[in-house]
Amino acid sequence: MMEWTDRHCRYFLRLLSRRTFLYTEMVTAEAVLYGDRARVLGFSPEEHPVGLQLGSSDPNKLAEAARIGADFGYDEINLNVGCPSDRVQSGRFGACLMAEPELAAECVAAMRASVPVPVTVKCRIGIDDQDAEASLDRFVATVAEAGCRTFIVHARKAWLKGLSPKENRDVPPLDYGRVHRLKASRPELEIVLNGGIESLAAAEAQLPHVNGVMLGRAAYADPYLLAEIDRTLFGSDETPPSRLEVLDVFMPYVETELAKGMRLNQMTRHILGVFHGQPRARAFRRHLAEHAHLDGAGIAVVDTARRIAHGEERRAVAAEQLTL
Ligand SMILES: Cc1cc2nc3c(=O)[nH]c(=O)nc-3n(C[C@H](O)[C@H](O)[C@H](O)COP(=O)(O)O)c2cc1C
């Protein structure tokens, strides 16, 4: 998710679940080809397994960007066919590629020819006035013909005119049944359902119908949701770490990144939700929000927030509550 699932976010999420597959934000092929590659593509080995999502509709550029991504060590290269933003539309990629299955297939074929890792596609069930039955079937058939075995399907249409990207994540109605029918009609493909899944129970309820579930906003707002996934969905017998344990492991990472010149809030903004639903969640968030962006803010800010969450900083908590 753009601006959200950067490398710091993924490092943090990986502390909560070892098995969940993580994805980068969408990166345009041009950014990979002409940008600062270490900044655009760099990630920590701890983040594996992690996929790189690319955006473009130029098969040659995508092939080259995919190759560079695979050389960086990404475990999968994913093509974005779901983003509805104006910028992406004017580049003729993202969701508007749903109207051009042959071009999407050409992109996938070119990417597959240049990387040893799987090439997958994230799409919608349709765009605008497309018939979500026939069009999605045709899109998937054409792209699968080019060798794509995995489709992550955001179970709502994108309306390319008149809705903002944010509205396009909420307004067009969800249609899980359409994704289930896709899986039923193409059992040999791996179909992953996305959109509006807000709990582990909701994810589990989908699994009889599809191969997997992708969580976006819920995992960001309430990352501790991921902590039970390894045990519940992947059969791990390890006890999930507590929220405080996760912070304890994240803090040395934060210190290392601070020493490289990263600002504290670039990392702490991703952990604001870790105490979601817990008694001192608000005070924890508030401490980070008020202090982590300040010049020179260091690890002590996280340490205090951690102690607030733990209930050690009672005076700090009391003071914060008075001001709420
Ligand atoms: C801030 C934000 C940024 C997003 N960026 C991307 C992106 O870069 N690539 C992508 O495929 N989807 C992106 N999405 C869409 C999500 O991946 C997901 O498809 C959508 O939010 C529906 O799933 P959810 O209800 O689980 O969040 C983004 C969503 C949000 C909220």
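How do the residues of the shell around the ligand divide into nonpolar, polar and charged? In this predicted model, the shell comprises five nonpolar, seven polar and three charged residues. The tour begins at the ligand and then proceeds to the sheet, the helices and two backbone details.

**The ligand**

Select the ligand together with the 15 residues around it; Gln53, Lys122, Asn194, Gly196 and Arg217 come nearest. Next, display the side chain of Asn194, where a polar atom lies 2.6 Å from an oxygen atom of the ligand. Taken alone, the ligand exposes 610 Å², and the protein buries 89% of that area. Two further residues should then be selected, with attention to the nitrogen atoms of the ligand. A polar side-chain atom of Asn80 lies 3.4 Å from a ligand nitrogen. At Met2 the atom to display belongs to the backbone: an N or O atom there lies 2.8 Å from a nitrogen atom of the ligand.

**The sheet**

Now switch to a cartoon view and select the strands. Seven of them form an open sheet, ordered β1-β2-β3-β4-β5-β6-β7, with parallel pairing. To locate the edges, select residues 22–28 for β1 and residues 212–214 for β7; each of these strands pairs on one side only. Looking across the sheet, one finds a twist that averages 25° from one strand to the next.

Zoom in on the β7 edge and add β6, residues 190–194. These two strands run parallel and are joined by three bridges. Within this pair, Leu193 stands opposite Val213 of β7.

**Helices on the sheet**

Select residues 59–72 to display helix α4, which packs on the sheet and touches β2 (50–55) and β3 (76–81). The direction of α4 makes about 160° with that of β2. Proceed to helix α7, residues 134–145, which also packs on the sheet. Its contacts are with β3, β4 (119–124) and β5 (150–154), and its direction makes about 170° with that of β4.

**Two backbone details**

Which form does the peptide bond from His48 to Pro49 take, cis or trans? Select both residues with backbone atoms shown: the bond is cis, with omega near -5°. Pro49 is located in the loop between α3 (37–41) and β2.

Finally, select Glu3, in the segment before α1 (7–16). The phi angle of Glu3 is near 75°, a positive value in a residue other than glycine.

Key
Residues are numbered from 1 along each chain as its sequence is written. This is a predicted model: local features need pLDDT of at least 70, side-chain atom pairs count only at pLDDT 80 or more; totals for chains, interfaces and linings use all residues. Side-chain values use heavy atoms; hydrogens and water are left out. A residue is near a molecule or strand if one of its heavy atoms lies within 4 Å of it. A polar contact is a pair of N or O atoms within 3.5 Å; within protein, one must be able to donate a hydrogen and the other to accept it, and residues adjacent in sequence count only if both atoms are side-chain atoms. Accessible areas come from the Shrake-Rupley method with a 1.4 Å probe; for residues, only the protein chains shown count as cover. Ala, Val, Leu, Ile, Met, Phe, Trp, Tyr, Cys and Pro count as nonpolar, Asp, Glu, Lys and Arg as charged, and the others, Gly among them, as polar. Two strands pair if DSSP finds at least two bridges between them. Helices (H or I, at least four residues) and strands (E, at least two) are DSSP runs, numbered from the N terminus. Axes are lines fitted to C-alpha atoms, for helices over the stretch in contact, and angles run from 0 to 180 degrees between N-to-C directions. Contact means heavy atoms within 4.5 Å.
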